[in-house]
2 protein chains.
Amino acid sequence: MANEYQLILDNICRYISLTDEEKQIFTALLTRRSLKRGEFLLTEGMICRYSAFVLSGCLFGYSIDRDAAEHIVSFAPPDWWIADMYSLISQQPSTMNIRAHEASEILLLSRADQEKLFIAIPKFERFFRILTEKSLVANQQRLIDNLSLSAEERYKNFTLRYPTLVHHLPQKQIAAYIGVTPEFFSKMKSKLS
Amino acid sequence: MANEYQLILDNICRYISLTDEEKQIFTALLTRRSLKRGEFLLTEGMICRYSAFVLSGCLFGYSIDRDAAEHIVSFAPPDWWIADMYSLISQQPSTMNIRAHEASEILLLSRADQEKLFIAIPKFERFFRILTEKSLVANQQRLIDNLSLSAEERYKNFTLRYPTLVHHLPQKQIAAYIGVTPEFFSKMKSKLS
DNA sequence: CGTCTATTTGAATGTACTCAAAAGCGGTGG
DNA sequence: CCACCGCTTTTGAGTACATTCAAATAGACG
C-alpha cells in the first residue's frame, strides 16, 4: 500500500477494519488533487460531487450572506474530511464555498463511487455513519456555544480546539468562524492582553 | 404488522425497503412508552441509551447554560427521532435534557439493539446514516442562520419550517430555539403586528 | 517596491439583554 | 366547575455587547 494512502487508511481504520483487498478497492476510487493557496474546490451554485480528505495544507468551507459577510462552517486541516453535505446528498446547487487556505493536497471520493462502495463493502457505510454522527455532535455543540457563550469565550474555545490553526489562519477567518466582525475581533484580542 | 408500528415503518421505508421478516425483527426491538406532559426522558448527567421515535405528542431536547438559560437543540413532533447524540454515541453523561412538552407516545430503540440491528440487517446502517446526514445538514443551516440572520428573520424561518409547532408551543420555547430571551421575543412579536 | 488586503483604532449606533413589576393564562385541586 | 396558584407573557427603563462606518497603519505577495 503506497504511503500516500497511509493517512486516509489510518483515518478509516480508527472505526472499521479493512483487508488489504478492501483497501485496494477503496484507494482505487480516490483521485489525488493539488490546490494552490486560495484555490476553490467548490463555489456557490456548483453541485458538490466529491468528499475531500485533506493530506496536507488546510481547506475551509464557508457561506456568504446577503451583506457579503463570510461565515465559516468548517475548517479542514490534514486528516479531516470536508464537503458541502447539503449539496452532496441532495445534488442541488451548493450554497457554500470550499477553498484552500494554503497550498494543499487532497484526495477526492465522488458521491457516485461512495454509493458503490457502500454496496460493495458495507463497512464503509458504517464508517461514514460514524463520521457523520461525530460531525453532528460537534455541530450541535457549536450551536449551543454560539447561543450561550460570549464572543470571548467562543474564541477561547476555538484556541483550545484548534491550537495549530490559531497561528496559521488570518484573524479575519477566525472571526468568521466564531461569528464576530474582524473589527470586533481585533478589539477583543487586544483587550485580552 | 400492527398499526402502532405503521408510522415508524413508513418513516424508515422512505429510505430503505424492508421485507416483512425484517420489519418483524426490527419492531421486536422496540419498546413503547408513554410520557406525561412535562415528563423527562433524559436529564443532564444521565447516559443516553435510547433513540426515541415520536408517535404522538411532542418532545424537545435542550441544554441549560451557566446562567440557567435554556437552549433548545431540537423539537421532535410525531414522525421524528430524538436523542442526545453526544451521549448516545460516546456513552458519556449527557449535557442535555429531553422532555415531553405534552403527553406523548414514543418508541424506544436501545443503542445496543441498534448496533445488533446494524450487523443483522446492514440496511439499517444505511437508514441511520441517511438520517444523520439530514440532521447534520439541518444543523449546519441553523448555525449559518444564527450567524447571519436577525432574530426577526430567524423567527420567520421558524414559522415556515414548523408551522404547526408555532401554535402549540409556549413562546418561551420558541425564543429558546431561535436564541433570544422571552422578553425580547415578546417585544419582537408585538412589533411585527 | 508598490499594491492590495488585513488589522487596528475610534466614535456613533443598534440590537438584544437584564432587571423589575404588572397582567394574563392555564392547569390542578378542591 | 370554579378559584386559586404558579408560570408565562407583556411592558418599560437602563445597559452591554457587538456592529457599522471611516480612516490610518501594518503586512504580505507578486
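1. Start with DNA strand D. In this predicted model, 16 residues surround DNA strand D. The closest are Phe184(A), Pro170(B), Gln171(B), Lys172(B) and Ser186(B). Elements that give two or more residues to this surface are H9 of chain A, together with helix H8 (171–178) and H9 of chain B. H9(B) gives the most, with six residues. By class, the surface near DNA strand D divides into five nonpolar, five polar and six charged residues.

2. Now DNA strand C. Here 17 residues surround the strand. Gln171(A), Lys172(A), Ser186(A), Val180(B) and Phe184(B) are the closest. Three helices each supply at least two residues of the surface near DNA strand C: helix H8 (171–178) and helix H9 (182–191) of chain A, and helix H9 (182–191) of chain B. The largest share, six residues, comes from H9(A). The surface near DNA strand C holds five nonpolar, five polar and seven charged residues.

3. It is worth reading the two DNA surfaces side by side. Phe184(B) is among the closest residues to DNA strand C, and Phe184(A) is among the closest to DNA strand D. Gln171(A), Lys172(A) and Ser186(A) are listed for DNA strand C. Gln171(B), Lys172(B) and Ser186(B) are listed for DNA strand D. Val180(B) appears among the closest to DNA strand C, and Pro170(B) among the closest to DNA strand D.

4. Next, the packing of H8(B) on H9(B). The angle is about 100 degrees, and the axes lie 9 Å apart. The two helices are therefore roughly perpendicular to each other. On the H8(B) side, the contact is made by Gln171(B), Lys172(B), Ile174(B) and Ala175(B). On the H9(B) side, Pro182(B), Phe185(B) and Ser186(B) take part. The contact of H8(B) with H9(B) has four nonpolar, two polar and one charged residues. Note the overlap with point 1: Gln171(B), Lys172(B) and Ser186(B) are in this helix contact and are also among the closest residues to DNA strand D.

5. The contact between the chains takes 28 residues from chain A and 28 residues from chain B. On the side of chain B that touches chain A, strand S4 (70–76), helix H3 (85–90) and helix H5 (123–148) of chain B are the elements that give two or more residues. H5(B) provides the largest share, 17 residues. By class, this side of chain B has 13 nonpolar, nine polar and six charged residues.

6. The largest nonpolar core has 90 residues. Ala52(A), Val54(A), Leu59(A), Ala52(B), Val54(B) and Leu59(B) touch the most other members. Val54(A) is a good place to look. Leaving out residues up to four places away in sequence, Val54(A) touches Leu59(A), Ala76(A), Pro77(A), Pro78(A), Asp79(A), Trp80(A), Ile82(A), Ser104(A) and Ile106(A).

7. One backbone point deserves a check in both chains. Most residues other than glycine have a negative phi. Ala68(A) has a positive phi, near 70 degrees. Ala68(B) also has a positive phi, of about 70 degrees, although it is not a glycine. Where does Ala68(A) lie? Ala68(A) is in the loop between strand S3 (50–64) and strand S4 (70–76) of chain A. Ala68(B) lies in the loop between strand S3 (50–64) and S4 of chain B. Ala68(A) is exposed, because just 6 other C-beta atoms lie within 10 Å, and the cut-off for exposed is 12 or fewer. Ala68(B) is exposed too, with 6 other C-beta atoms within 10 Å.

Methods:
Residues are numbered from 1 along each chain as its sequence is written. Chains are lettered from A and ligands numbered from 1 in the order in which they are written. This is a predicted model: local features need pLDDT of at least 70, side-chain atom pairs count only at pLDDT 80 or more; totals for chains, interfaces and linings use all residues. A residue is near a molecule or strand if its C-beta atom, placed from the backbone, lies within 6 Å of it. Helices (H or I, at least four residues) and strands (E, at least two) are DSSP runs, numbered from the N terminus. Ala, Val, Leu, Ile, Met, Phe, Trp, Tyr, Cys and Pro count as nonpolar, Asp, Glu, Lys and Arg as charged, and the others, Gly among them, as polar. A nonpolar core is a set of buried Ala, Val, Leu, Ile, Met, Phe, Trp, Tyr and Cys residues joined through C-beta atoms within 7 Å. A residue is buried if 20 or more other C-beta atoms lie within 10 Å of its own, exposed if 12 or fewer, and partly exposed in between; C-beta atoms are placed from the backbone. Two residues are in contact if their C-beta atoms, placed from the backbone, lie within 7 Å. Axes are lines fitted to C-alpha atoms, for helices over the stretch in contact, and angles run from 0 to 180 degrees between N-to-C directions. Angles under 35 degrees count as roughly parallel, over 145 as roughly antiparallel, 65 to 115 as roughly perpendicular and the rest as oblique.
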